[in-house]
Amino acid sequence: MITETQTIQFDSISLDGGMTVAPVDVAYETYGELNAAKSNAILILHAFSGDAHAAGIDKDSGATGWWDNMIGPGKGFDTDKYFVICSNVLSGCRGTSGPSSINPETGCPFAMTFPPVTIPDMVRLQKMLVDHLGIRRLLAVSGGSMGAMQALQWAVAYPDAVAASIPIAGTARHSAQQIAFNEVGRQAIMADPDWNEGNYYGKRPPARGLSVARMVGHITYMSDASMRDKFGRRLRDQDQFEVESYLRYRGSQFVDRFDANSYLYITKAMDYFDLTAGRPSLSAAFEGVKSRFLVISFTSDWLYPSYQSLEVVRALRGRNCDVAYCDLPSTYGHDAFLVHVTEQAELVRGFLASTFRERN
Amino acid sequence: MAQKFVPELLGRSDYEIISEIIEPNTRVLDLGCGEGELLAWLAVNKHVDARGVEIMGPRVQQAIARGVSVFHSDIEDALADLPDQAFDYVILSQTLQESRAPLKVLREMLRVGRRAIVAFPNFGHWTVRMAQLFTGRAPKTKLFPHDWFDSPNIHFFTVEDFELLVQAQHWTIEKRIFLAGSRQVKVLPNLLAEVAVFLVRT
């Protein structure tokens with residue numbers, strides 16, 4: 001499957017913080033065919049460092065999509081049956097407007113003058129894209145990690161526009177531990193002199209800081225067991241542990257495709273996300289939801305532990321919502337939703353099929 | 001009655017009875033739903049809003065892959081989450097004898113559901129009585145095939161015991177069906193029934 005990222009421009013978007021971004025670009029990809037009733041559309045929501053290229057082989061770069069093992073003909077999100085959409089989030093750096101975009105008023109990149117963005121803002125922009133594509137009600141929204149937060153936000157904010165929500169390895173709000181890891185990443189970037197208060201465009205980017213931030217991230221995405229299996233205490237060359245060289249490689253690779261300021265904006269959006277904010281309870285957040293849910297967690301995920309998914313499931317069940325939940329066994333940690341997908345794909349396939357059947 | 005249930009599909013006669021009891025277009029919760037065979041059948045053939053609870057991960061995976069909304073949890077926790085009278089029927093099939101607190105489970109079932117359907121193996125069946133009488137050991141029969149040390153069953157009770165409990169709780173039995181294999185037992189159920197299915201309400 002050869003794919004190409006497209007971009008659509010909207011006049012403006014109003015943000016939770018009271019500011020607007022005008023105009024606003026959205027990078028997105030689609031796979032499969034929208035049926036005549038427009039009832040088979042699924043919106044995929046990427047995680048923190050993902051982008052619109054979720055599946056297939058990119059026409060220009062040859063890169064494989066980040067969830068290619070889940071999306072495609074005959075896969076969990078079966079593109080022979082469903083029309084799949086994925087867009088880059090607001091404040092990202094992969095085609096959608098963000099701090100690295102040019103501010104039309106100054107002709108320079110926004111950098112840190114880009115307005116603060118929330119998870120609900122990201123979802124609002126996704127809704128604009130879905131409306132633009134002429135889809136009134138999505139068959140499903142689904143994503144892992146930050147994508148799971150968005151999948152929950154979709155069901156809460158647009159109950160009539162989502163038949164099913166599939167949040168995977170996610171949470172309704174970050175714990176102190178999750179915020180703490182994000183803060184270490186942010187501080188690593190800001191401590192790099194090349195960061196220069198965010199004004200590094202056209203100059204040397206804060207590569208050292210960003211790569212350290214990514215190294216910390218990668219540790220949290222794995223598990224003790226998966227690191228032991230993958231690296232153990234093996235040495236590479238004379239005196240360097242395999243795990244050290246792996247993390248450095250991942251860190252330096254990240255610098256080539258990710259913008260440090262986007263890192264700051266997106267992690268802040270994740271940290272501030274809280275479905276219970278302004279409400280007496282999580283249950284209250286789900287008061288108006290009309291979708292079904294498939295919630296998935298992984299036993300070895302210590303970054304987004306199963307109890308966070310269970311908290312969501314319990315609140316939904318307390319409202320007698322239609323919710324399926326499975327805690328899948330895996331040793332891959334948080335990465336499981338990206339790499340350990342056989343069982344996950346089976347769950348998604350069956351859940352989508354029954355949702356589609358009920359709807360049509 | 002709607003379409004006759006196909007026992008060969010599931011190989012369980014209590015499922016056949018349960019499927020006949022349940023009215024179409026109702027809300028059904030199956031506790032210990034296994035791979036969701038019964039719920040999937042009810043959803044397609046009786047258009048029920050079907051939900052399940054199952055503790056064994058691989059079974060949960062099978063059930064969800066079948067399109068049934070199943071919650072991966074033990075029964076007591078799963079019931080505690082739910083609001084009052086959320087379901088028309090709450091099913092507990094072949095599991096009451098494995099519950100740590102059977103009365104608590106039954107009470108919760110009748111809080112969460114308007115009616116409870118309870119199916120259990122009858123410890124009063126004559127083969128069980130004979131096995132104990134003649135061997136002097138914990139009975140091992142077709143119904144109770146496990147050795148005492150690795151049996152999932154922790155409460156042993158009979159048709160009569162269940163009737164007495166329902167009376168004592170001032171609940172009402174709306175239907176009682178007794179089975180030996182796939183055949184219905186009409187007389188001496190406490191002696192002849194291998195499996196009993198009760199439809200109970202408060």
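This is a short conversation about reading helix packing, interfaces and backbone features in a predicted model.

Student: How do I read the packing of two helices, and which angle do the axes of helix 1 and helix 2 of chain A make?

Tutor: Two packed helices are described by the angle between their axes and the distance between the axes. Here helix 1 (residues 119-132) and helix 2 (residues 146-157) of chain A have axes that come within 9 Å and cross at roughly 70 degrees. Angles of 65 to 115 degrees count as roughly perpendicular, and helix 1 and helix 2 of chain A are therefore roughly perpendicular to each other. The crossing of helix 1 past helix 2 of chain A is right-handed.

Student: Which residues of helix 1 and helix 2 of chain A make the contact?

Tutor: Helix 1 of chain A brings Ile119(A), Pro120(A), Met122(A) and Val123(A), while helix 2 of chain A brings Met149(A), Gln150(A), Gln153(A), Trp154(A) and Ala157(A). Sorted by class, the residues of this contact are seven nonpolar, two polar and no charged.

Student: Let's move up to domains. What does the domain assignment of chain A give?

Tutor: The assignment gives domain 1 (2-173 + 274-359) and domain 2 (177-270) of chain A. Their C-alpha centres are 24 Å apart. Between them, the contact takes 28 residues from domain 1 and 20 residues from domain 2 of chain A. Your two helices return here: helix 1 and helix 2 of chain A each supply at least two residues of the domain 1 side. That side of domain 1 of chain A has 17 nonpolar, ten polar and one charged residue.

Student: And between chains, how many residues does the contact take from chain A and from chain B?

Tutor: The size of an interface is often given as the accessible area lost when the parts come together. Here we can count residues instead: 22 from chain A and 16 from chain B. On the side of chain A that touches chain B, helix 11 of chain A gives the most, with eight residues. By class, this side of chain A has ten nonpolar, four polar and eight charged residues.

Student: How do helix 11 of chain A and helix 4 of chain B cross?

Tutor: The axes of helix 11 of chain A and helix 4 (residues 57-65) of chain B come within 7 Å and cross at roughly 35 degrees. From helix 11 of chain A, the contact uses Glu343(A), Glu346(A), Leu347(A), Arg349(A), Gly350(A) and Phe351(A); from helix 4 of chain B, it uses Gln61(B), Ile64(B) and Ala65(B). The classes in this contact are four nonpolar, two polar and three charged residues.

Student: Now the backbone. Which residue other than glycine has a positive phi near 55 degrees?

Tutor: Most residues other than glycine have a negative phi, and most peptide bonds are trans. Asp237(A) has a phi near 55 degrees, and is found in the loop between strand 13 (235-236) and strand 14 (240-241) of chain A. Because 8 C-beta neighbours lie inside 10 Å, Asp237(A) counts as exposed. In chain B, His47(B) has a positive phi of about 50 degrees although it is not a glycine. His47(B) lies in the loop between helix 3 and strand 2 (49-54) of chain B, and is partly exposed, with 13 other C-beta atoms within 10 Å.

Student: Where is the peptide bond cis, with omega near -10 degrees?

Tutor: Look at the bond from Ala22(A) to Pro23(A). Pro23(A) lies in the loop between strand 4 (20-21) and strand 5 (24-31) of chain A.

Methods: Residues are numbered from 1 along each chain as its sequence is written. Chains are lettered from A and ligands numbered from 1 in the order in which they are written. This is a predicted model: local features need pLDDT of at least 70, side-chain atom pairs count only at pLDDT 80 or more; totals for chains, interfaces and linings use all residues. Axes are lines fitted to C-alpha atoms, for helices over the stretch in contact, and angles run from 0 to 180 degrees between N-to-C directions. Helices (H or I, at least four residues) and strands (E, at least two) are DSSP runs, numbered from the N terminus. Angles under 35 degrees count as roughly parallel, over 145 as roughly antiparallel, 65 to 115 as roughly perpendicular and the rest as oblique. A crossing is left-handed if the near helix is turned anticlockwise from the far one by less than a right angle, and right-handed if clockwise. Two residues are in contact if their C-beta atoms, placed from the backbone, lie within 7 Å. Ala, Val, Leu, Ile, Met, Phe, Trp, Tyr, Cys and Pro count as nonpolar, Asp, Glu, Lys and Arg as charged, and the others, Gly among them, as polar. Domain bounds come from an automatic or database domain assignment. A residue is buried if 20 or more other C-beta atoms lie within 10 Å of its own, exposed if 12 or fewer, and partly exposed in between; C-beta atoms are placed from the backbone.
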